[in-house]
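Me: Please take a close look at one part of this structure, the pairing of its strands. Which strands lie side by side, and in which sense do they run?

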Amino acid sequence: MVKISVIIPVYNVEKYLEKCLDSIINQTFEDIEIICIDDGSSDSSLEILNQYSNNDKRIIVVSQENLGPSQSRNNGIELAQGDYLTFVDADDWIELDCLEKVYNNAIFNGSEVVLFNAIEHRTNNQFHKRIYLPIDKNVNYDDFVFDYNYNKQLVMNNMFVVWSKLYKTSFLKKHNIQFPNSIRMFEDIPFHIKTMLFAKYVSYLPEILYNYNKLNENSVQTKNNSRLEIFNIIDIVKQLLNENHSQKEFKLNFLEFALLQSYENLKKSSIELKKEYYEMMRSYFLNLRLNYDVLKNLSFRLHKFYIHVINFEKYETFEKFNQTQNSELNYINKKKILPKINNFDEMGIDKNNDSRLLIVSLTSFPERMYDLHYCLYSLLTQSLKPNILVLWLAEEQFPNKENDIPKEVLELKKNGLTIKWCEDIKSYKKLIPALKEYPNDIIVTADDDIFYPKDWLKNMWDAHKKHPNSIISARSRKIQINNNKIDSYLNWKLNYSEQDPSYLNLPTGAGGTLFVPNSLNDNIFDEELFLKLCPSGDDIWFWAMAILNKTKIYAIEKPMHLLCYVNIARELGILDETTLWEINKSGKNDIQFQNVLNQFPEILIELNNY
């Protein structure tokens with residue numbers, strides 16, 4: 001009986017096969033058998049195998065019709081006579097001392113599975129190491145055995161490959177661990193998970209001994225038409241966890257696995273396949289019915305991805321939305337900031353200005369009040385202090401006035417916060433009441449769910465001094481016009497650098513906007529009209545009133561394109577609260593914009609003439 005069986009599934013790899021075989025027949029460890037399963041190759045692969053087997057009796061060649069890698073490997077397991085077995089893909093190769101080292105490790109530790117590392121060979125002489133575990137200096141890996149409890153990420157991590165592992169043959173056969181014959185891609189995932197769940201004696205050899213060839217364009221992994229199989233694999237893994245009563249233990253790990261595999265394979269799918277893939281993925285996500293209590297435990301990237309998928313019915317809309325977004329979103333560490341707020345004893349406003357006032361104005365509503373103090377704190381700690389910081393609240397929403405306001409917000413009155421009451425005109429409360437009360441002063445609007453950087457107000461004030469007759473925007477989009485028609489809002493790109501004052505700059509409220517006196521048309525106060533035309537589009541209404549007044553908008557030199565959110569879960573839509581962006585992203589901004597143009601056709605004339 002041989003010590004190690006090396007199983008090689010072979011399919012149309014004539015260009016790489018000899019290098020693979022040479023790396024195995026020349027191993028320093030010779031007590032091996034090499035089981036080559038030719039899976040119906042149409043090139044010279046079978047001929048090469050026969051030539052090698054004639055010269056080396058350790059090579060066993062089996063020829064079969066094209067059944068896929070799963071059946072090839074399963075047939076190899078059935079034929080294996082070695083105490084241990086390992087898999088090598090026919091376009092890869094191993095280091096010449098690989099089998100000696102992993103066998104010695106297995107024998108010394110009594111291992112059922114030995115893990116070792118690999119390196120990817122990419123185009124342009126690029127390399128990428130594939131490492132199972134970071135080195136723990138406190139562990140002697142020559143004498144260290146563990147199971148999945150040592151690191152549960154090993155069960156459903158990204159190293160699902162079956163190569164770069166040595167398996168005890170009797171262990172695989174005892175637990176009937178095989179590859180699912182019904183699929184031709186991702187077949188290694190359930191095999192890997194099952195071995196890691198069942199193995200009680202796993203060891204790790206932290207050396208790079210396997211060479212993974214990513215240059216093979218004909219590899220199964222480079223094919224796109226099987227990407228849809230990943231959802232079958234996810235179901236197989238779920239069933240596997242159920243059968244082994246591990247679903248509860250690996251609930252979060254499984255969810256991360258399912259979302260990450262969905263994400264990665266969407267990226268890797270061909271353009272032709274993406275639409276079909278997205279529809280299947282979205283249906284799967286909707287059936288998951290994940291709530292915030294679950295999603296908050298995921299990485300930001302994954303719960304953001306999940307929410308975006310369920311919010312967009314069509315792939316085209318999903319992709320267009322993602323193209324308009326920054327590559328990442330920023331958010332605060334509340335645990336770090338809260339002690340600063342509790343110990344905040346400075347005055348956050350400047351009361352000594354006798355000339356025109358600089359006023360920061362914002363609004364909120366009851367559902368937002370529990371974390372509003374973070375935003376307010378950022379506005380009270382600006383490098384340039386406003387003369388007034390005013391929070392407008394609707395009397396209808398707070399029937400007991402200040403008794404309905406959290407103490408964390410009320411405490412900031414001692415630092416300069418002013419609370420004023422007004423009627424409920426939705427998000428328009430951040431500007432309309434201030435315009436009425438402070439008509440001759442400079443008003444800067446802010447949003448209640450943003451944590452503003454320290455120089456936010458100063459940057460707008462500096463821009464105002466350069467362009468005193470313009471509205472100043474800390475964050476804006478450039479309106480796109482094609483053939484005298486306004487393009488969809490989702491196609492308007494953010495301004496990432498200083499722009500000349502322009503009618504085509506539309507401020508986005510979250511970034512903040514500075515309004516100079518008399519910069520807006522008198523229709524600004526027509527409550528009936530703006531609630532009819534733009535019920536959730538105050539930014540559009542304010543912009544339209546500027547254009548009617550022939551006031552241009554200046555995008556500042558240091559635009560605030562990356563927003564810092566007070567509550568990132570809210571912004572991603574995984575709370576019960578609804579954001580204006582959530583309302584408007586599905587096309588309502590386009591409707592509201594067109595409503596304004598229909599009401600004031602002179603705006604479009606002005607834009608086309610501009």
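Reply: What follows starts with one strand and its partners, then turns to a small sheet. The model is predicted, so local features need pLDDT of at least 70 and side-chain atom pairs count only at pLDDT 80 or more, while totals for chains, interfaces and linings use all residues. Residues are numbered from 1 along each chain as its sequence is written, and side-chain values use heavy atoms, with hydrogens and water left out.

A strand here is a DSSP run of E with at least two residues, numbered from the N terminus. Two strands pair if DSSP finds at least two bridges between them. Strands of a sheet pair through backbone hydrogen bonds, in either the parallel or the antiparallel sense.

Strand E9 covers residues 202-213. Nine of its twelve residues are buried (under 20% relative accessible area, with a 1.4 Å probe and protein chains only). Strand E6, residues 113-121, pairs with E9 in the parallel sense over nine bridges; the partner of Glu120 in E9 is Tyr212. Strand E5, residues 93-94, is joined to E9 by two bridges and runs antiparallel to E9. Tyr210 in E9 stands opposite Ile94.

The small sheet is open and has three strands, in the order E19-E16-E20, with antiparallel pairing. Strand E19 (493-494) and strand E20 (505-507) are at its edges; each has a single partner strand, so one side of each has no neighbour in the sheet. Strand E16, residues 476-478, is joined to E20 by three bridges, and Ser476 has Pro507 in E20 as its bridge partner.

Key
Helix = DSSP H or I, 4+ residues; strand = E, 2+ residues; numbered from the N terminus. Buried < 20%, exposed > 50% of the residue type's maximum accessible area, 1.4 Å probe, protein only.
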